[in-house]
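Trainee: I have a model open and a list of labels to check. Can we go through what each label rests on?

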Amino acid sequence: MRPIIAVSVVSITLAFLLYTIAAWRNWRLKTLTTAQLVIIWAGLACDMLATRMMAMSVKITNWDFHTISGYSALALMAVLAVVGTWAIRTDREAILRRFHLYLGPVWVYWLVAYLTGVWTGIQRV
């Protein structure tokens with residue numbers, strides 16, 4: 001395995017772990033906390049690093065289901081991170097209490113993109 005691929009696999013798996021911790025904790029507490037938001041931002045950073053490394057590892061981007069779902073899931077997580085930051089900074093209690101209703105489905109969508117990447121990667125080995 002090339003080092004760039006190894007780094008992207010570790011980074012995207014770390015993003016998966018961080019997103020999962022934040023999503024389940026948010027679902028359990030039914031409110032967004034600063035700690036959860038920090039974890040979401042850390043997951044987003046890992047996700048962006050992995051996505052960039054994977055893009056650098058290919059000559060031509062194949063716009064298949066995995067690529068489209070992966071980029072759109074990354075964008076949705078970024079939107080949630082920004083909205084969550086805004087809600088905490090401006091003390092929007094209604095948004096903080098309903099955040100799990102958005103984070104949960106976005107996490108599931110992100111998980112589908114992650115699993116299609118795992119499936120694609122396994123077939124290449």
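Mentor: Start with L103. L103 touches A22, A23, N26, I40, M77 and L80, leaving out residues up to four places away in sequence. Contact here means heavy atoms within 4.5 Å. This is a predicted model: local features need pLDDT of at least 70, side-chain atom pairs count only at pLDDT 80 or more, and totals for chains, interfaces and linings use all residues. Residues are numbered from 1 along each chain as its sequence is written, and side-chain values use heavy atoms, with hydrogens and water left out.

Trainee: Which residues touch the most other members of the largest nonpolar core?

Mentor: Y19, I40, M77, L103 and W110, out of 27 residues in that core. A nonpolar core is a set of buried Ala, Val, Leu, Ile, Met, Phe, Trp, Tyr and Cys residues joined through side-chain atoms within 4.5 Å. Two or more residues come from each of α1 (3-29), α2, α3 (65-89) and α5 (100-124). The most come from α5, with 7 residues. Helices are DSSP runs (H or I, at least four residues), numbered from the N terminus.

Trainee: Why is T51 called buried?

Mentor: Buried means under 20% relative accessible area, exposed over 50%, and partly exposed in between (1.4 Å probe, protein chains only). T51 has 18%, so T51 is buried. T51 sits in helix α2 (residues 34-56) and touches Y71 and L74, not counting residues up to four places away in sequence.

Trainee: What makes K30 partly exposed?

Mentor: Its relative accessibility is 36%, so K30 falls between the two cut-offs. K30 lies in the loop between α1 and α2. Its phi is near 60°, a positive value in a residue other than glycine.

Trainee: And D91: why does D91 count as exposed or buried?

Mentor: Exposed, because its relative accessible area of 55% is over 50%. D91 is in the loop between α3 and α4 (93-98). D91 also has a positive phi, about 55°, although it is not a glycine.

Trainee: How do you know that the span of α1 agrees with the expected one?

Mentor: The expected span of a helix is 1.5 Å times one less than its number of residues. For the 27 residues of α1 that gives 39 Å, and the end C-alpha atoms are 39 Å apart, so the two agree.

Trainee: What covers the buried residues of α1?

Mentor: The cover includes α2, α3 and α5. Among the buried residues of α1 are Y19, A22, A23 and N26.
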